Each structure stands twice: as C-alpha cells, then as structure tokens.
Amino acid sequence: MLGPDAFQLLCLAVLATAWAFLLRQGDDARALARDGLLLGAGAWLGEQTCIAWYAFYGYADFWWVRLGHIPLLVALIWPMVILSARQVVGALAPNARGLASAALVGLVVTFDASLVEVVAVRAGLWAWAEGGYLDVPLIGILGWGFYGAAASWWLDRARGPWRLALPLVALPLTHGLIQLAWWALFRWPLRDPATLGPTLFWAAFAALALAFALRARARGLGLPLDTALPRVLASAVFLYLLVTFDASDDTWLRWRHTALVAVPYLVATRWSRAPAPALAAR
C-alpha cells in the first residue's frame, strides 16, 4: 500500500498531468493560471473558515505543508476539480448559462466529491466529527458542490479586475448555502443518515446523472477523451486506495458507490479524440 509521502507524490503527478492536458487544449494559459490561483485561494479560504468556525472535520497529520488547517496540496487540487467540472458541463450542456450552468457545475463537483469522500475518509486522509453515509455526513459532500457552484458562477459573471474578487465573493455564498442546508435539512430532520435512506439517495442521483449523459449522447454531445483521461487518472488513485483497504463490512458498499459514480461518466465519454470545450469561452 502507498505510504503518505508516496500518495502525495502521486497526487502531484496526476495534477501536473491534468494541467498538461488542459493547457494543450488551446485555452489561454495566463487566464487559466489566474483562474487557478483564484480558485485555489477561494478554496483555501473556504475550508480554513469552515474548520475554524464549525470544527466539523479535520485533516490527518501526515499531510505535507499546511496553510493554517489546510494542506497546501489540497488547495492546489481544488482548481482542477472545478475547472474539470466546468469542462464536463461545457461538453454535455453547452447551452447552459448563468445560474443554470453554476448549478450544474455544483452538481458535478458534488457527484465527484461523493466518490472522493467515501474513499478518502476510509483511507484516513481526513475525518468528520460525526458519522453519515459511509462515515461522511451528506452536508460535507454538498459543501464541495456549494463552493464549486459559487466559484463557477463568479467566473462566468465577472470580467476584468472584478474576477479577482472570486475568493471574497465565493466565501459568503458558500457559507450561506451550507448554513441554509444545515438548518433546513441536516440540523434536525436529516441528521441521522438512516432517515434519508442514503444508498437509495445516491442511486437516484446516479440515475439522474446517467439520464443526463444518455440525453447528451443522443444529441450528439459527449465528454471528449482529453477531458476524460485526467479524470480517469485521478479516479485511479482512489480506486487504488479502495483496493488496498482492509476488508470490512462496508467495503463492498464503497465499491457499489464507486460503480454508481463511474457508470454515467463511462456512458458520457466519447472514446475517440475530439476537442474539449474551451474554458475561456464559458
């Protein structure tokens, strides 16, 4: 099994590969670098304040350089999470604009985060203060999507120097959505994951994602291979962690969840080379 240092080196290699794929697709390198820095800064600020204010989760001690509570590597990964989600939306729903586009990006990030969370928590990369679906409270997974939606909305809306305000704009929007979800849904009525029937919930979410992918393919759309391959590499890291888990009663449930996330992407991907949608145009 990979040790902590080897795992982080592997993450850096996958991240560098993902950036290489993104840059070779013809987008403006300077604009991507700027947006990446803004997304990373906003993600760091969001996570730092979430941990400091809510104390609802925390990272393991083995992570390398930290900025406050947050490993620097995590802040570096966040931009690719959102930029890749924006590519997925651009490929499968090219006519989505404004709040509709932001909401779809948030859903893609939430869908991706559901896989990352159930594997990463089991592997001990971080831990939550209370349990939930496969040891992850649902609001923890939704928090990823809230930031993704808020940040993507600002990237689509802001022009010129206003774009630099992304970290400060996304912060209150993310916290507002977290608080709304917490007090409306998760503080009392859905605090216990058994109340929701979480496996059925994620099965329904995956079914909707599959229907969305099938509809896109029927319209001649699809996820370009250059967009899919970096996502496959990132998923392979977590699949490796899943394979190397010690056997436990819930390991097969995590495999089932992994399959639920994977199938819509397999259907959505065009397994031949085609240009990816330009992020600069979004």
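Hi everyone, let's start on the surface. Leu9, Leu12, Trp64, Val65, Leu67, Leu72 and Leu76 together make a nonpolar patch of about 580 Å². Two elements, α1 and α3, each give two or more residues to that patch. Before I go on, please keep in mind that this is a predicted model.

Let me pick out one member of the patch, leucine 76, which sits in helix α3. Is leucine 76 buried, exposed or partly exposed? Its relative accessible area is 41%, and because exposed would need over 50% and buried under 20%, leucine 76 counts as partly exposed.

Now compare that with another leucine, number 266, over in helix α10. Leucine 266 has a relative accessibility of 51%, so this one counts as exposed. To place it in the fold, take alanine 43: the two residues are 223 apart along the chain, and their C-alpha atoms are separated by 28 Å.

Both of those helices come up again in my last stop, helix α9. This helix runs from residue 225 to 243, which is 19 residues. From first C-alpha to last it reaches 25 Å, close to the 27 Å expected at 1.5 Å a residue.

Which residues of α9 are buried? At the start of the numbering we have Leu225, Asp226, Thr227, Ala228, Pro230 and Arg231, and further along come Val237, Phe238, Leu241 and Leu242. And what covers them? The cover includes α1 (4-23), α3 (72-92), α4 (98-123) and α10 (251-268). So α1 and α3, which we met at the patch, also help to cover the buried residues of α9.

Thanks, everyone!

Methods
Residues are numbered from 1 along each chain as its sequence is written. This is a predicted model: local features need pLDDT of at least 70, side-chain atom pairs count only at pLDDT 80 or more; totals for chains, interfaces and linings use all residues. Side-chain values use heavy atoms; hydrogens and water are left out. Helices (H or I, at least four residues) and strands (E, at least two) are DSSP runs, numbered from the N terminus. The expected span of a helix is 1.5 Å times one less than its number of residues. Buried means under 20% relative accessible area, exposed over 50%, partly exposed in between (1.4 Å probe, protein chains only). Contact means heavy atoms within 4.5 Å. Patches are made of residues with over 30% relative accessible area and no salt bridge: like charges are joined within 9 Å, nonpolar side chains (Val, Leu, Ile, Met, Phe, Trp, Tyr) within 5 Å. Accessible areas come from the Shrake-Rupley method with a 1.4 Å probe; for residues, only the protein chains shown count as cover. A salt bridge is a side-chain nitrogen of Lys or Arg within 4 Å of a carboxyl oxygen of Asp or Glu.
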